[in-house]
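Colleague: I should be grateful for a close look at a single part of this model. Please choose one region and take me through it contact by contact, with the cut-offs stated as you go.

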Protein chains: 2
Amino acid sequence: MENKENFGQAASPAARERPTLKTIAFMTGLGVTTVSRALKDAPDIGAETKERVRMVARQLGYQPNRAGVRLRTGKTNVIALVLSIDEEIMGFSSQMVFGISEVLSGTPYHIVVTPHSHSKDPMLPVRYILDTGSADGVIISRIEPDDPRVRLLTERGMPFATHGRTDAGLTHPFHDFNNEAFAHQAVERLVKRGRRRIALLQPPSKLTYYAHIRIGFQTGLHDYGAEEVPLRVNSDAPLADIRDVVEVMMRSPNAPDGIVCSAGSAAIAVNAGIEAAGKALGRDLDMVSKQSVPILNWIRPEIITVQEDVRQAGREMAKAVIARIDGVEPELLQSISQPIWPEGGR
Amino acid sequence: MENKENFGQAASPAARERPTLKTIAFMTGLGVTTVSRALKDAPDIGAETKERVRMVARQLGYQPNRAGVRLRTGKTNVIALVLSIDEEIMGFSSQMVFGISEVLSGTPYHIVVTPHSHSKDPMLPVRYILDTGSADGVIISRIEPDDPRVRLLTERGMPFATHGRTDAGLTHPFHDFNNEAFAHQAVERLVKRGRRRIALLQPPSKLTYYAHIRIGFQTGLHDYGAEEVPLRVNSDAPLADIRDVVEVMMRSPNAPDGIVCSAGSAAIAVNAGIEAAGKALGRDLDMVSKQSVPILNWIRPEIITVQEDVRQAGREMAKAVIARIDGVEPELLQSISQPIWPEGGR
DNA sequence: CATTTCTACTGTATCGTTACAGATTGCGCT
DNA sequence: AGCGCAATCTGTAACGATACAGTAGAAATG
């Protein structure tokens, strides 16, 4: 019992090595197995022993070695966040990261960010994660109605949550913003201000929420008696393009008197286009925009804004993935946040 | 040689398991050790054997198991990015993440984001990383002149890079923006437009670049013959506070006719304060601001902007940490990016 | 021909953890 | 006394990779 064993700092008292189960086993006089099971509160370990082990562990500042756990059990304690590099102009994804990490900070999970350009194959990062087993759960965004990533992740049984919904009979955890309600209510706000000819800066049509925005917008037009002025550009386009197209539209004889904008960064370009055409918000027209970071009102207080709380989305998705990892049914892990209009929606 | 061995998919051809060294060893008829050494191009392995091993490995899509490597060697293949949650309003940190991951994408490194609120102890995440050995390298920002994190990381021999410099005889890899030149040149631009009474929205005084900004600003005032109008708020303050303070300042009899602003998000609030006081940029005063995301000019084209390329900073720091991990001397891993004024600095 | 030297390869132990199959003890019951 | 059984605890063998200390065979040396 004293031949070639090595008990962490027991060997060299000065160089405090990181404690392992073996260290605790040595200190308590128990076997490593017992210590391991005591720390996970297994039923076949005595109450007093558990207490003793926990005390020593706490005292030593024991933290399980992630590589050991991962090698033995396959559990990585990692949540992978797959981000599209290009979607980002205004801190959208940082807010999401912060929201996620708020939730993860109380858990053993780490967050690994896996960015990719959506000009490349969006399946690549997902396939990498699946093939290498490098995460216990995945969070993805920019969801399409029949998203191949969702299909693949489901098929392979990898827990995940999405920012946005699918639309092809796929059941999975998600968090989404109620874009339909947003667009509908946006039209309502504009009509209440006497606007009737409304343009929509919509997301790219391949994303699921394109349809949500469209439906909300169109039922809004119908319900409140307004008409659409077509806008031939989407919110993913370069800001300069958006501005130019909006400027042309605003100079044309049938310029709209209202605009609904589905992204905060795009709203900045829309505003620039409006001003370039010599029009003024609040006078010649009104604009409603969604934003994820509250800056539009600093720029033009006249813009009617709705906050989409991306940080909250991050929190929800993190909770959902973890719950999914813990075996909770996907159906129970779906949430939709409602648009909130400042000042009671005046 | 055929008792209880298990060679990956050799056992069950249908269920393609992840290949390991053992799989390759089986396929090539070599020992695992040989395969391991062949893949790392060790000198004691025959050229032909190496080629054969590499072929099979490629064919199988072999990827080393990270947990195995990490457990045995201690190498995590992780770079930890420590982010301050509060510093973020406008996509600053996302850009940094993207820059870093651009560089890491060609390497075995993953990026783990470790956010923390700077109201809490900023040492916590760093200590955690050191104590658990959860990364091979660290990237930190919001550097102070005698930053305790830098001290600790250096002392413990953990490779790292900083966004910003220290000022206490500590030698370490960093990337920084030349804030001194920025402030100096900002004053120059303002004076060239006939402005002489200049206010500075400066960073919090505890950060190192506060001094850089101050020095550049003051030598600028001196060199170009202008004077400072004091501004009693810093760029970390809530936007509403900044706006209010600026508004009061702009209404006062000795309002400045120029403002230098050291952060893009703050510039938005400064602009709001100016407009709230009934003043107009370009007419009553001019403003120069640094920005990390090009949006200020969309808001007010009159704002004179300088781009601080945070994505590039991320790239530089990622390269620096990896070089440091590979043993390159810190002295060789320091870089400073110069302010670039659009249109040749008109 | 015996011995050294070199090349090319291999077995074993180990990193920290956990699954699994025991082992030990005490106690009640017949 | 013998047996079964529950309550506790433990040793061993993995997980996948690599450091280290070999070994086998061929070639060079004296």
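**The protein surface facing DNA strands C and D**

Modeller: A phosphate oxygen of DNA strand D has a backbone N or O atom of Leu21(B) at a distance of 2.8 Å. This is a polar contact, a term used here for a pair of N or O atoms within 3.5 Å. The model is a predicted one, in which local features need pLDDT of at least 70, side-chain atom pairs count only at pLDDT 80 or more, and totals for chains, interfaces and linings use all residues; side-chain values rest on heavy atoms, with hydrogens and water left out. Residues are numbered from 1 along each chain as its sequence is written, while chains are lettered from A and ligands numbered from 1 in the order of writing.

To stay with DNA strand D, 25 residues surround this strand, a residue being near when one of its heavy atoms lies within 4 Å of the strand. Those that come nearest are Thr34(A), Ser36(B), Lys40(B), Tyr62(B) and Arg72(B). Of the atoms of DNA strand D that come within 4 Å of the protein, 54% belong to sugar and phosphate. Chain A also makes polar contacts with the bases of this strand. The side chain of Thr33(A) places a polar atom 2.8 Å from a base oxygen of DNA strand D. In the side chain of Asp44(A), an N or O atom is 3.2 Å from a base nitrogen of DNA strand D.

The surface near DNA strand D draws at least two residues from each of H2 and H4 of chain A and H2 and H4 of chain B. Helices are DSSP runs (H or I, at least four residues) numbered from the N terminus. The largest share comes from H4(B), with five residues. Sorted by class, this surface holds eight nonpolar, twelve polar and five charged residues. In this sorting, Ala, Val, Leu, Ile, Met, Phe, Trp, Tyr, Cys and Pro are nonpolar, Asp, Glu, Lys and Arg are charged, and the others, Gly among them, are polar.

The surface facing DNA strand C may be read in the same manner. Around DNA strand C there are 24 residues, of which Lys40(A), Tyr62(A), Arg72(A), Thr33(B) and Thr34(B) come nearest. Sugar and phosphate supply 58% of the atoms of DNA strand C that come within 4 Å of the protein.

Several polar contacts reach phosphate oxygens of DNA strand C. From chain A, a polar atom in the side chain of Tyr62(A) lies 2.5 Å from a phosphate oxygen of this strand. From chain B, the side chain of Thr34(B) has an N or O atom 2.4 Å from a phosphate oxygen of DNA strand C. Gly31(B) takes part through its backbone, with a polar atom 2.8 Å from a phosphate oxygen of DNA strand C.

As for the elements involved, helix H2 (32-39) and helix H4 (66-73) of chain A, together with helix H2 (32-39) and helix H4 (66-73) of chain B, each contribute at least two residues to the surface near DNA strand C. H4(A) gives this surface its largest share, four residues. By class, seven of the residues near DNA strand C are nonpolar, twelve are polar and five are charged.

Definitions and conventions. Polar contact = N/O pair within 3.5 Å; in protein donor to acceptor, adjacent residues only side chain to side chain.
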